[in-house]
Amino acid sequence: MTDRKDDFWDIAALLPKKTKRTENTAYGEITIPEIKDTQSTPPFGDAEREARVLHAPPMDDADLERDYSPEDNPFLTRVRVVRRKSHMRLFHGFKSDGAAWQSLRGTPCPYAPFFSFVPQYEQLNAAQKAYYLYFREEANSGNYLDAGQSYVLLYIYEILNLPEFIPPKIGIIRLAKIWAAYRKSMPVLDKNLIPWLADYGLLHGVGCPKNILSPFLTEILARSNLKEFYLGFDEDENGTALDSLLLLTSQYRYENGRYAQGEHKALFDTHIRQAASAVLRYVFLDGDKLHYQTVTKRFDAFVGALWAGASRYELEVTYYSVSGTDDLKILMTAVVKYAENKLRAHLSIKSRLSVSCLPDYARILVDAYFDRALPPKTAKSTEIRPEYEAMYEPLSTGVSSDEAMAIEQSSWENTWRLIPEEEREEIFSGTPSPEEADASKEVSETTLDRKEKAFLAFLLDGNQEEARRFARDNSCSYIALGEAINEFFADMIGDIVLELLGDDYTVIPDYEDEIRAAITA
């Protein structure tokens, strides 16, 4: 019996042969290579494949529709808007339908379920049309009904595509409000509106409504590719824009410190933020104080959104990168520390943070703010007392409280020496002898304990993982250990030696010698 090939499973032989082909496009010819079989290696790597994607041609002033500098945002220096003719209009009827629907008004009616990946007017039946008009009427008035995602997206597409009927200054407010109202139940809104709202504002030259977005502005900044659009100095109701700006610039988190807690929290939040704001305003509005990291980005507007226009838009934005400017980070870290030192002085806290690289103009601005907000405490004026009050004063013994404590200590020492040794245990049960008490007090005040020394040794070596593991293995709090060490050094040298940057303690380089001496003591 002879061997024979089983051709039944040779699928490749049954498929038509692939041939080379050439596609003509508006940007030239691209030859697509032949792929011999399904198991062959793709002809391009990821980088090469991305490089072959067709991009818009270089920006030409002939296509320029708008070129301006935003007045309400000091971070954005220039915005250019270019119109590109679209060769394909998938939703050409949306604008005409939307224009016709603008005159229609909604009235209360039952909810009608509606689902579409790309919702459009023409997809709505009579009941859905009635409910959308009712939903839109209420949303425009700030009342947000129960609605499915498709109704919300249709409302958003209407704002994006019909600026002739919905003025952009009103449209951006409506976008922000619908986003805030439904984002918890519709997570897709964060993904879509983070870029779309910025595109809409840049395209039409309207500012970001931070007062509406403030409850989730920090989440926006964590995901946005153009954070600077969402930042600014117009203080919103909760101060969230300023908080977010400090989060991006200052590497020292004052709110994690021991003194910014409890009864002093409001004092720290108010004055550190306002002092930092004074410096930020001066830096960005006065200019030429830092070497800004300037970035220019080009991108298509409304990627992924329903777009019914005859032209697409491309945006070119030049801006100062907040998170990318190292000089700004160094400056604001120093400003926040210096402002905290001013508060500590106001609260009569003797320990101070180490501040470096603080320019004179920033120091003057912070000092001027605190002179206005928290003027120095003045001595109480001496009042003339009536003569008769002197008759009721207690007689002075001439002994101060320190002298009284010394007398008491001497009395106990004499008692220890005079009583028989067998009676000492009964009288001084659980109490160390005067010599032991003095020795214990001296040691505790001048040395660190074993755990604190080991913890500091790990931090000196830059080994954060071992420091955390040591604290955990010894049933200690990582934060509490650092605070205890700082308190010890504050009493000994008048300053702390550890800084909490993010979630990790780092050793202040200026005090490495003092730390090593304390570890070996």
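These exercises, each with a worked solution, go through a predicted model of one protein chain.

Residues are numbered from 1 along each chain as its sequence is written. In this predicted model local features need pLDDT of at least 70 and side-chain atom pairs count only at pLDDT 80 or more, while totals for chains, interfaces and linings use all residues, and side-chain values use heavy atoms, with hydrogens and water left out.

**Exercise 1. The chain as a whole**

State how many helices and strands the protein chain has, and what percentage of its residues count as buried.

Solution. Begin with the elements: the protein chain has 20 helices and eight strands, where helices (H or I, at least four residues) and strands (E, at least two) are DSSP runs numbered from the N terminus. Next, take burial, which means under 20% relative accessible area, with exposed over 50% and partly exposed in between (1.4 Å probe, protein chains only); of the 521 residues, 39% count as buried. Finally, turn to contacts, meaning heavy atoms within 4.5 Å: among those in the protein chain with a separation of 6 or more, 64% are between residues 24 or more positions apart.

**Exercise 2. The sheet of four strands**

Give the strand order of the open sheet, and explain why one side of S3 and of S5 is left without a neighbour.

Solution. The order is S3-S4-S6-S5, with antiparallel pairing; two strands pair if DSSP finds at least two bridges between them. Strand S3 (64-68) and strand S5 (294-300) are at the edges with a single partner strand each, so one side of each has no neighbour in the sheet. From one strand to the next the twist averages 10°. Looking at one pair in detail, S3 and strand S4 (residues 76-85) run antiparallel and are joined by four bridges, and Tyr 68 stands opposite Val 79 in S4. Helix H7 (residues 188-204) lies across S3, S4, S5 and strand S6 (311-320), and runs at about 90° to S6, where axes are lines fitted to C-alpha atoms, for helices over the stretch in contact, and angles run from 0 to 180 degrees between N-to-C directions.

**Exercise 3. The hairpin**

Find which residues form the covered face of strand S8, and which residue in the turn has a positive phi.

Solution. Strand S7 (residues 498-501) pairs with S8 in the antiparallel sense over four bridges, and the two strands form a hairpin with two residues between them. In the turn, Gly 502 has a positive phi of about 70°. In a regular strand the side chains alternate between the two faces of the sheet. In S8 (residues 504-507), Tyr 505 and Val 507 make up the covered face, whereas Asp 504 and Thr 506 make up the uncovered one. Tyr 505 is also the bridge partner of Leu 500.

**Exercise 4. Two buried residues**

Decide whether Lys 337 and Pro 119 are buried or exposed, and name residues that they touch.

Solution. Lys 337 lies in helix H12 (residues 326-346) and is buried, with a relative accessible area of 8%. Not counting residues up to four places away in sequence, Lys 337 touches Tyr 252, Leu 353, Ser 354, Val 355 and Glu 499. Pro 119, in the loop between helix H3 (94-101) and helix H4 (126-140), counts as buried at 0% relative accessibility. With the exclusion of residues up to four places away in sequence, the residues touched by Pro 119 include Phe 94, Tyr 157 and Leu 306. Pro 119 and Leu 306 are 187 residues apart along the chain, and their C-alpha atoms are separated by 8.6 Å.
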